[in-house]
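Q: I have a structure to get through today. Can you walk me through it?
A: Sure, let's have a look.

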Amino acid sequence: MTSTISPPSGPAQKHGPRAGKAPATPEAAESPRPRSTLRSRLGALDVKASPYLYVAPFFILFALVGLFPLVYTFVVSINDWDLLSGAGEWVGLENYAAELTDPYFWNSLFNTFSIFLLSAVPQLIAATFIAALLDQNLRAKTFWRMGVLLPYVVTPVAVTLIFSSAFDEKYGLINNLLQMLDIDPVGWKSEVLPSHLAIASMVNWRWTGYNALILLAAMQAVPRDLHESASLDGAGALRRFVSITLPGIRPTMIFVIITATVGGLQIFTEPKLFNPSSSTLGGPNREYQTTVLYLWDLAFNRGDFGKASAVAWLLFLIIIGVGLINFFISRSIASADAKHHAKPGRAARRAARERKSRRAHEPAARHSAAHDSKEDPS
Amino acid sequence: MSTNTELSPGPGTRTAPAKTRRKRPLGIDRRPGFLTYGLLIAFFLGGAYPLWWSFVTGSGSTGAFAGPLPPLFPGSAFLANVAEVFSTIDFWAALGNSVIVSSVITISVVGFSTLAGYSFAKLRFRGKSGLMVFVIATLAVPTQLGIIPLFMMMKEFGWTGSIGAVMVPTLVTAFGVFFMRQYLVDVIPDELVEAARVDGASMIQTFWHVGVPAARPAMAILGLFTFMTAWTDYLWPLLVAPQNPTLQVALSQLQSAKYVDHTIVMAGAVMATIPLLLLFVLAGKQLVSGIMAGAVKG
């Protein structure tokens with residue numbers, strides 16, 4: 001596959017001028033094929049260097065705009081760095097110590113995790129349910145799939161404006177409906193749990209259909225034969241879903257959970273725009289001030305780049321940590337599952353099932369054997 | 001999907017040939033009942049209603065909003081409200097900014113990802129697996145948390161306030177490279193690359209004539225999603241160029257007035273949603289298959 005056998009067309013055109021110089025060198029004059037040697041050398045260089053050249057733009061740009069800022073955030077975080085006056089004194093881990101003892105930081109973490117759980121858990125359940133609905137033999141499949149995806153095309157800013165208006169405490173749609181039902185209006189924008197529910201509902205509304213489609217794809221990748229043989233063994237739809245579909249989509253589920261974690265722990269737009277009339281970012285008493293919002297407030301309202309960078313790194317570590325926990329939990333579930341399969345209970349049950357099905361087939365087999373033996377003589 | 005061809009024509013089954021029915025166990029491939037469709041319709045309405053409601057609110061007059069019952073049908077003031085939106089924010093300039101920013105990011109991400117993804121999928125070089133592991137590891141790294149140094153860089157270069165600065169952090173993504181690599185590794189047979197090389201094509205010619213044509217479907221999907229992600233981004237454009245806003249930033253500025261007029265805000269939300277709704281109508285199928293393809297690969 002290397003270019004030692006390259007005919008003149010390709011590389012010759014490309015490296016034409018340089019290859020043309022080759023005969024002028026003394027060594028080249030001795031050999032009848034000097035051009036092809038130089039050309040092959042250039043060709044070899046092409047083969048060697050090209051792969052690196054193709055991946056280089058990505059790595060260079062990514063290093064500049066993705067990794068360098070992240071690493072430099074750490075440098076900023078160990079300095080007393082101000083938005084206006086720039087780099088100050090080296091303070092070591094003081095910024096971290098200050099943040100780890102700051103109740104506002106912990107408040108922001110609590111809010112972030114609370115909103116994340118309120119959105120991730122119901123969303124995953126609903127998405128699995130919708131995916132199971134879509135995984136049936138529907139008419140107009142594409143229509144339904146597009147239907148559940150509709151909210152995804154509404155941008156988070158628009159979603160927040162719409163929901164913020166609906167959750168308005170005085171004139172909002174939700175409280176109006178509650179009042180019609182004789183329920184006291186809820187302080188969606190001034191109480192902790194209601195505000196978290198409201199913000200989680202925005203995330204859920206936009207992302208459930210999207211995740212349902214991902215899970216649907218995973219469900220369709222589960223081998224059909226498994227369902228068929230389970231069905232032959234008398235497993236109903238629910239049983240098949242629990243015993244075949246759910247284990248089959250577990251890797252995808254983990255993928256969805258990890259993506260949701262990385263995104264969910266960085267939630268910003270929704271709490272930022274939820275209540276524009278609040279002078280503090282994230283609610284009058286920081287009811288729904290998430291960590292990224294807290295970081296933003298520290299950095300760009302109060303100008304404390306040092307502490308804000310410490311918060312960024314702490315959040316970074318938390319996100320990586322949660323990702324790793326997800327990973328290990330899912331791995332231990334997988335291995336526990338393998339053990340579970342090896343347990344006598346399950347094995348015995350399966351053996352019993354097999355015996356049963358063999359018995360079911362046996363008469364037919366005996367019959368056909370008899371049939372064969374009868375036919376043989378004739 | 002594979003079951004389509006094996007379907008019996010309908011619930012009647014009168015014309016179903018015996019051989020297709022023979023080994024098909026009950027409960028699989030059966031047409032779902034009304035309950036399924038009912039639930040799906042309910043989910044669809046739940047997804048569509050907030051949009052409809054924003055249009056209803058955005059077309060009402062301010063007074064009508066405070067009524068006890070939410071109106072179900074649009075009012076007549078939509079155009080007047082939109083005119084109010086246009087006088088509050090420079091909608092068209094923001095739309096133009098969003099189009100430019102999203103297009104440049106899309107071209108950059110798709111171009112660099114295809115190039116790098118092709119190299120990872122089909123070329124041999126030392127350190128390849130190590131570099132690929134690096135790409136995969138960075139998939140889960142929240143690069144958004146680097147905004148403080150990024151902001152400092154943009155300020156240093158004097159780029160703040162320009163839409164160029166808005167594009168910078170997302171010109172490449174690890175996901176793009178990963179996605180293209182996963183696609184190309186199966187789609188291009190090694191023999192094809194080798195044949196092109198034997199025919200004397202240089203590496204870049206091979207990429208251009210073998211890699212790119214094969215990559216086209218994945219490039220379209222990646223482009224679609226990159227465009228959407230860039231279009232919906234809010235944090236970075238708000239930070240780096242609030243005075244030269246993208247559509248999302250401009251839209252959020254509608255809300256920042258002292259007195260929030262919901263009808264105007266909703267009219268703005270509707271106007272800002274129209275471009276992506278159009279995209280949804282035109283490319284909804286591709287969005288669906290893209291999400292589903294990404295899932296299987298991912």
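A: One term to begin with. A crossing is left-handed if the near helix is turned anticlockwise from the far one by less than a right angle, and right-handed if clockwise. Also, keep in mind that this is a predicted model.

Q: OK, so which way does α8(A) cross α13(B), left-handed or right-handed?
A: That crossing is left-handed.

Q: And at what angle do helix α8 of chain A and helix α13 of chain B pack?
A: The angle is about 15°, and the axes lie 9 Å apart. In chain A the helix covers residues 156-166, and in chain B residues 247-254. Angles under 35 degrees count as roughly parallel, so α8(A) and α13(B) are roughly parallel to each other.

Q: Which residues meet there?
A: From α8(A), Val157(A), Ala158(A) and Leu161(A). From α13(B), Gln248(B), Leu251(B) and Ser252(B). By class, the contact has 4 nonpolar residues, 2 polar and no charged.

Q: Let's zoom out. How many residues of chain B are in contact with chain A?
A: 90 residues of chain B, and they touch 90 residues of chain A.

Q: Which helix of chain B gives the most to that side?
A: Helix α14, residues 262-297. This helix of chain B supplies 18 residues.

Q: What's the mix of classes on that side of chain B?
A: There are 61 nonpolar residues, 23 polar and 6 charged on the side of chain B that touches chain A.

Q: New topic: chain B by itself. How many helices and strands?
A: Chain B has 14 helices and 0 strands.

Q: How much of chain B is buried?
A: 43% of its 298 residues count as buried.

Q: And what about contacts across the sequence of chain B?
A: Take the contacts between residues at least 6 apart in sequence. Of these, 73% join residues at least 24 apart.

Q: Back to helix pairs. How do α5 and α9 of chain B pack?
A: Helix α5 (residues 91-122) and helix α9 (residues 174-187) of chain B pack at about 50°, with axes 7 Å apart. That angle makes α5(B) and α9(B) oblique to each other.

Q: Is the crossing of α5(B) and α9(B) left-handed or right-handed?
A: Right-handed. Among the residues in the contact are Val109(B) and Tyr118(B) of α5(B), and Phe179(B) and Leu184(B) of α9(B).

Q: What classes make up that contact of α5(B) with α9(B)?
A: It has 10 nonpolar, 4 polar and 2 charged residues.

Key. Residues are numbered from 1 along each chain as its sequence is written. Chains are lettered from A and ligands numbered from 1 in the order in which they are written. This is a predicted model: local features need pLDDT of at least 70, side-chain atom pairs count only at pLDDT 80 or more; totals for chains, interfaces and linings use all residues. Two residues are in contact if their C-beta atoms, placed from the backbone, lie within 7 Å. Helices (H or I, at least four residues) and strands (E, at least two) are DSSP runs, numbered from the N terminus. Ala, Val, Leu, Ile, Met, Phe, Trp, Tyr, Cys and Pro count as nonpolar, Asp, Glu, Lys and Arg as charged, and the others, Gly among them, as polar. A residue is buried if 20 or more other C-beta atoms lie within 10 Å of its own, exposed if 12 or fewer, and partly exposed in between; C-beta atoms are placed from the backbone. Axes are lines fitted to C-alpha atoms, for helices over the stretch in contact, and angles run from 0 to 180 degrees between N-to-C directions. Angles under 35 degrees count as roughly parallel, over 145 as roughly antiparallel, 65 to 115 as roughly perpendicular and the rest as oblique.
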